[in-house]
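Please examine the sequence and the model shown below. The report that follows treats charged pairs, helix packing and the surface in turn.

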Amino acid sequence: MLEELIQIDKELFLYLNHLGTPFWDSFWTYLSRIISFITVPLYLVVVLYSYQVFGLKKTAIILGMLIILITCTEQLSIAFKHGIGRLRPCYNDEVKEIMRMVKSYCGGKFGYFSAHAANSSAFACFFGTLFMKYNKWVVFILACWALLVGYSRIYLGVHFPLDVITGIGFGVLFGGAFGYLFLKLQRKRTEEKVNGC
C-alpha cells in the first residue's frame, strides 16, 4: 500500500512538474521565496489589517505568536526530514533524470515534509482564523497564496506532492490552533474586564 502511494506520488509529481514552461519560471521562483516582491507586500497588508482590526498591543502579541508558530512548523519539518529521510526529487534516481529542474540548486538532500508549504499554510490559517469574522476575502486570498506556494515547490522540482500535502496539513493544524488560542485568550481577557467592572 505504501509503495503504491509513493509510486502515485512520483507519477503525480512528474505530471505537475512537466506542466511548467520557461515563461512562468520566474513567477513561480519568486512566489516560492520567503522574501520577494510578491510576499513582502502580502505580509505588510496582513500586519496593517491586523493593526486596523485589533490595535497595536494585540498586533504585537499576534506577531509574537506568529514567530513561535513559524519556529514550530520549521523545526518540525527539519525533524521529519532527518527522521524519515525521504529524498527530494532531484536526488531520487527514479525521477531526477526525467524531471524538469528550474533551479540548479534544489535544497538539502531530504524533502519530507515541505517547510515552505507548512510555514505559508500556518501563516494563512493563523491569520485566516483571526480575520474570518471580519473579512472573508482576506481569508480567501491567504488560502490561495498558501496553496500556490505549495504548488510552486512541485513546479520548481524540489518537493513531491506528498511533501507539500503533509506540510499544508501541519501548517493548517498549527496555524488554526494558534489562531484559536489567541481568540480564546482575548475572549477570556474581555470577560475578566467585564466581570471586573
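## Salt bridges

The count of salt bridges comes to five, where a salt bridge is a side-chain nitrogen of Lys or Arg within 4 Å of a carboxyl oxygen of Asp or Glu. Side chains of opposite charge can pair when their charged atoms come close. The model is a predicted one, in which local features need pLDDT of at least 70, side-chain atom pairs count only at pLDDT 80 or more, and totals for chains, interfaces and linings use all residues. Residues are numbered from 1 along each chain as its sequence is written, and side-chain values use heavy atoms, with hydrogens and water left out.

One of the salt bridges joins R86 to D9, at 2.8 Å from N to O. R86 belongs to the loop between helix 4 and helix 5, while D9 is in helix 1 (residues 2-17), so the pair ties together parts that are 77 residues apart in sequence. R86 also meets D163 in a salt bridge, with an N to O distance of 3.3 Å. This second pair links the loop between helix 4 and helix 5 with helix 7 (residues 161-196), which holds D163, and the two residues are 77 apart. D9, R86 and D163 are thus linked in a network of salt bridges.

The members of this network are buried, a term for residues under 20% relative accessible area; exposed means over 50%, and partly exposed lies in between (1.4 Å probe, protein chains only). The relative accessibility is 16% for R86, 3% for D9 and 0% for D163.

A further salt bridge is formed by K10 and E94, whose closest N and O atoms are 2.9 Å apart. It connects distant parts of the chain, since K10 is in helix 1 and E94 in the loop between helix 4 and helix 5, 84 residues apart. K10 counts as buried, at 10% relative accessibility.

## Overall architecture

The chain has seven helices and zero strands; helices (H or I, at least four residues) and strands (E, at least two) are DSSP runs, numbered from the N terminus. Its C-alpha atoms fill a box of roughly 70 × 35 × 25 Å along the principal axes. Of the 197 residues, 43% count as buried.

## Helix packing

The axes of helix 4 (residues 56-84) and helix 5 (residues 115-131) come within 9 Å and cross at roughly 150°. Axes are lines fitted to C-alpha atoms, for helices over the stretch in contact, and angles run from 0 to 180 degrees between N-to-C directions. Helix 4 and helix 5 are therefore roughly antiparallel; angles over 145 degrees count as such, those under 35 as roughly parallel, 65 to 115 as roughly perpendicular and the rest as oblique.

Helix 3 and helix 6 (residues 136-155) pack at about 150°, with axes 12 Å apart. That angle makes helix 3 roughly antiparallel to helix 6.

## Nonpolar surface

I34, I35, V40, L44 and L48 make a nonpolar surface patch of about 520 Å². Patches consist of residues with over 30% relative accessible area and no salt bridge; like charges are joined within 9 Å, and nonpolar side chains (Val, Leu, Ile, Met, Phe, Trp, Tyr) within 5 Å. Accessible areas come from the Shrake-Rupley method with a 1.4 Å probe, and for residues only the protein chains shown count as cover. Within the patch, V40 is found in helix 3 (residues 39-54) and is partly exposed, with a relative accessible area of 31%.
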